[in-house]
Amino acid sequence: MVLLAGCFGCEFVVFVFLLRLFGAQCQDFGYEGAEGPSHWGEKYSQCLGKHQSPIDIETHSVIWINYPELHFEQFGALLRNVSLENNGHTVVMKILSGEKPRIHGGPLKGVYEFGQLHFHWGPNDTIGSENQIDHHSFPLEMHVVMFNTAYGLENAPKIAGGLTVLSFLTSLSPLNNHQYDKFENGLHHVEQLLSANTMQNVGSLDDLTTTQRRTYFTYEGSLTTPPCSEVVTWIEFVKTIPLSKAQVNSFRMIDTKKGRLTHNYRPIQPINDRRIFYQNSSQSNLQGSLAPAMALLAALFLLINT
Ligand SMILES: [Zn+2]
């Protein structure tokens, strides 16, 4: 179903045209069989690279680090007018009007601006996230894709350091997360393949993610879908987003050209020579005895999400 909203009608028609054009070009990969992740490298050589994403973050081997503070700008601003689209691989939200959120600081070299956000999920609640923590998978993972303003939206995906993905894992809650009410309703309107919808006043990025963003893992990696470009600084936040089983299930209603999109997560990739860093701004003495600190890190991860 397509909802047109007043003066945004013309823009929306163009938007749907571009979506269909874009979608037609992107239907050559999937998550099963001959189109599945193990075959992506046949058409997209970068998918065979040595710094691919997602990865399994083993907390006993991360490097504690003390980056400058991450600065989030406009994350609290109301998202007044956004689009939601089903591109056959995921559900993508873009901001159609209004100031775009920005981020800088932390491991980032430059200022990054919001491009889009999307999700990855699995056929049941035990799997679905792309990145894992200590071999543990989560039911859903949100990727907020932001581009380096020094390169611009078009060129950033082709240049090292061009993108950062703010990654938020979800945890199951017995209650609905009411900050997702509007978004969940919007999902029902884009269940059909290549359908799109506009939504007004869906809350803020702070509402859709979490404001507890001082603790995170970070590493250099790639896009998790073709062309798998190795241009992404990943920031994987430790604090999870609570969603109910019903809310997670709403994502599994999305249609592809081959039926429901029950799963869209890429298998974990080798870390190879990369280092994974751990930032915890609430810790006052990161240079203290690291051995016991590492032993406590996994416990901290569980504690911070309870
Ligand atoms: Zn993604």
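1. In this predicted model, the hairpin of strand 6 and strand 7 has 6 residues between the strands, and Gly106 there takes a positive phi near 55°. The two strands run antiparallel and are joined by 2 bridges. Arg102 of the hairpin has Glu113 in strand 7 as its bridge partner.

2. Strand 6 (residues 102-105) also pairs with strand 3 (residues 70-73). This pairing is antiparallel as well and holds 4 bridges. Within the pairing, Phe72 stands opposite Ile103 of strand 6. Strand 6 therefore has two pairing partners, strand 3 and strand 7, under the criterion of at least two bridges between strands.

3. Backbone geometry deserves a check at several places. Most residues other than glycine have a negative phi, and most peptide bonds are trans. Against that background, the Ser53 to Pro54 bond is cis, with omega near 5°. Pro54 lies in the loop between helix 2 (40-43) and strand 1 (56-57).

4. A cis bond also joins Pro226 and Pro227, with omega about 15°. Pro227 sits in the loop between strand 12 (215-221) and strand 13 (232-237). Cys228 is in the loop between strand 12 and strand 13 too, and has a positive phi of about 60° although it is not a glycine. Is Cys228 buried or exposed? Cys228 is buried, because 26 other C-beta atoms lie within 10 Å, and 20 or more suffice for that label.

5. Asn272 is another residue other than glycine with a positive phi, near 55°. Its place is the loop between strand 16 (259-260) and strand 17 (277-280). Asn272 counts as exposed because it has 10 C-beta neighbours inside 10 Å, and the label applies at 12 or fewer. When the two loops are inspected, note that Cys228 is buried, whereas Asn272 is exposed.

6. The largest nonpolar core has 62 residues. Which of its residues touch the most other members? They are Val91, Met146, Leu163 and Phe251. The largest share of this core, 6 residues, comes from strand 9 (residues 140-148).

7. For Leu163, the contacts can be listed, leaving out residues up to four places away in sequence. Leu163 touches Val145, Met146 and Phe147. Leu163 also touches Ala156 and Pro157, as well as Val231 and Val232. Among these partners, Met146 is itself one of the residues that touch the most other core members.

Definitions and conventions
Residues are numbered from 1 along each chain as its sequence is written. This is a predicted model: local features need pLDDT of at least 70, side-chain atom pairs count only at pLDDT 80 or more; totals for chains, interfaces and linings use all residues. A nonpolar core is a set of buried Ala, Val, Leu, Ile, Met, Phe, Trp, Tyr and Cys residues joined through C-beta atoms within 7 Å. Two residues are in contact if their C-beta atoms, placed from the backbone, lie within 7 Å.
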